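Hi,

Here is the structure I promised to pass on. Have a look at it first, and then read my notes below.

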Number of protein chains: 2
Amino acid sequence: MARETLVDSRQEILRTAARLFQQRGYDATSMNDVAAALKLSKGGLYHHFQSKDEILFEIMDHAMEITQERVINPVRDIADAEERLRALIRLHIEVVLSPRDREITVMLHENHPLPPALRKRINSRKKEYVHFLENLMAEAQKVRHPHSTKGKVSPRAAAFALLGMLNWIYQWYKPEGDLQAQNLIPQFTEIIFGGIFA
Amino acid sequence: MARETLVDSRQEILRTAARLFQQRGYDATSMNDVAAALKLSKGGLYHHFQSKDEILFEIMDHAMEITQERVINPVRDIADAEERLRALIRLHIEVVLSPRDREITVMLHENHPLPPALRKRINSRKKEYVHFLENLMAEAQKVRHPHSTKGKVSPRAAAFALLGMLNWIYQWYKPEGDLQAQNLIPQFTEIIFGGIFA
DNA sequence: CTAAGTACCGACCGACCGGTCGGTTTTTCG
DNA sequence: CGAAAAACCGACCGGTCGGTCGGTACTTAG
């Protein structure tokens, strides 16, 4: 069917574009570069997408979709709050480090380029994730300290601290380094649950 | 003296450029924009700097200078490792949040644009900072646990975790928000020293 | 005053960018 | 087969970018 090949083409373009955007940056990657990498002319590329902005938006939107399906949804129904948090840390790291999901890195890094209307849609989805994490933090703290109405660390600060730890990984991670996913996940989990002396 | 006004001009240009780069992004800011903000023509601007790359490099280099002088140097001679780490966290946050030091944010965000030779010089200074922090982490862990040869959290993972927490702040921080420097510093310190349940 | 050097202007350049469009090939389907 | 639709090409456009350059105003020192 024509419909399916069209969708496939779009997704293949998005994957290639995401790869290039991640490697060279959004601004430094021209539509010609994207087209050439797909063995397409620029005109052919514009048959599938209206603008470069549209491609970036679709990449970021897809990144949020991935986050929803590979992190939030699998975690949602875990009853114990601490286990839920543990699972979220693990899944979030796995998504960030997955070479297949370069969209995440692009979304994390490219803030400016999107026109305001599209950027707001992405930002609102990001905020949803922050709130989800914030509630999870509050719940986990409640389980650990059921009596104290308020700990020293607010759920919001904890959420941003964790997001920073996780979303910064792409800045320093090298697959050939000695600090890989298998070491990283338990260590970052330990830090969140008990600090660097745990 | 002519020499001093020249230096002043360069620094004023760098400050203005840093502000614009931070607000609109490096690629989205043209040399015309920078010149106009300084009430200069583009030709006049090129009298002081050879290229846009040179400006970005100087901004980033200055950012590393600031880190050296406002974080590393004040911390260096603190005898107690834990106190040294506490001070580093506080100073690093203060630098990242200081509206005067926009260079830091530019340096944190703009990775791609610099030509390889200049980028390597910045990266090596960044690595120095990571190593400094890594050693500090190892020392602090040693003080806390003098007997165990190795804790669950490696100094390297701890260093990257902390850097992530701190360097990600610029992505979400709003001066008008309820989470400001005065709340942030003790909370992030608590998380590093004892996790989110501390 | 004068001459040299600094600071600066503004017109200009070639390159490249995102995007367009008329036409051609390829695929799909009755 | 044949026609419609989808995919694709490549030349082209207006605009902007980083950067240049010849000339001018201003400052400074002798």
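Which residues are closest to DNA strand D, and how many surround it? Before the answer, one caution: this is a predicted model, so please read everything below in that light.

**DNA strand D**

The strand has 16 residues around it, and the closest are A:Ser41, A:His48, B:Lys42, B:Tyr46 and B:Lys52. So both chains turn up in that short list, as the letters A and B in those names show. Of the strand D atoms that come within 4 Å of the protein, sugar and phosphate make up 58%.Three side chains are worth picking out. In A:His48, an N or O atom sits 2.7 Å from a phosphate oxygen of DNA strand D. B:Tyr46 also reaches a phosphate oxygen of that strand, with an N or O atom of its side chain at 2.8 Å. B:Lys42 goes to a base instead: one of its polar side-chain atoms is 2.7 Å from a base oxygen of DNA strand D.

As for secondary structure, H3 of chain A and H3 of chain B each provide at least two residues of the surface near DNA strand D. H3(A) has the largest share, with 4 residues. By class, that surface holds 4 nonpolar, 9 polar and 3 charged residues.

**DNA strand C**

Now for the other strand I looked at. DNA strand C is surrounded by 16 residues, and A:Lys42, A:Tyr46, A:Lys52, B:Ser41 and B:His48 are the closest. Sugar and phosphate account for 57% of the strand C atoms within 4 Å of the protein.

Which part of DNA strand C does the side chain of A:Lys42 approach? It is a base oxygen, 2.7 Å from an N or O atom of the A:Lys42 side chain. Two other side chains go to phosphate oxygens of DNA strand C: A:Lys52 has a polar atom 2.6 Å from one, and B:His48 has an N or O atom 2.7 Å from one.

Helix H3 (42–48) of chain A and helix H3 (42–48) of chain B each give at least two residues to the surface near DNA strand C. Here H3(B) gives the most, 4 residues. The classes on this surface are 4 nonpolar, 9 polar and 3 charged.

**Where the two chains meet**

How much area is buried between chain B and chain A? It comes to about 4,000 Å², with carbon and sulfur atoms giving 67% of it. On the chain B side, B:Trp168, B:Ile196 and B:Phe197 lose the most area to chain A, together 21% of what that side buries. Counting contacts, 45 residues of chain B touch 45 residues of chain A.

There are 2 salt bridges across this interface. B:Lys152 and A:Glu190 form a salt bridge, with their closest N and O atoms 3.9 Å apart. The interface also has 12 residue pairs in polar contact.

Several helices of chain B give two or more residues to the side that touches chain A, among them helix H1 (2–24), helix H7 (116–144) and helix H10 (181–194). The largest share, 9 residues, comes from H8(B). Sorted by class, the residues on that side are 22 nonpolar, 15 polar and 8 charged.

**A few single residues**

A:Lys39 is not a glycine, yet its phi is positive, about 55°. You will find A:Lys39 in the loop between helix H2 (31–37) and H3 of chain A. Is A:Lys39 buried or exposed? With a relative accessible area of 79%, A:Lys39 is exposed.

In chain B, B:Lys39 has a positive phi of about 55° as well, again without being a glycine. B:Lys39 sits in the loop between helix H2 (31–37) and H3 of chain B. It counts as exposed because its relative accessibility is 80%, and the cut-off for exposed is over 50%.

B:His92 is a residue of helix H5 of chain B. At 7% relative accessibility, B:His92 counts as buried, since buried means under 20%. What does B:His92 touch, apart from its neighbours within four places in sequence? Its contacts are B:Val71, B:Tyr129, B:Leu163, B:Leu166 and B:Asn167.

That's the tour. Over to you!

Notes
Residues numbered from 1 in each chain as written. Chains lettered and ligands numbered in written order. Predicted model: local features only at pLDDT ≥ 70, side-chain atom pairs only at ≥ 80, totals over all residues. Heavy atoms only, no water. Near = heavy atom within 4 Å. Polar contact = N/O pair within 3.5 Å; in protein donor to acceptor, adjacent residues only side chain to side chain. Nonpolar A, V, L, I, M, F, W, Y, C, P; charged D, E, K, R; others polar. Contact = heavy atoms within 4.5 Å. Buried area = accessible area lost by both parts, 1.4 Å probe. Salt bridge = Lys/Arg side-chain N within 4 Å of Asp/Glu carboxyl O. Buried < 20%, exposed > 50% of the residue type's maximum accessible area, 1.4 Å probe, protein only.
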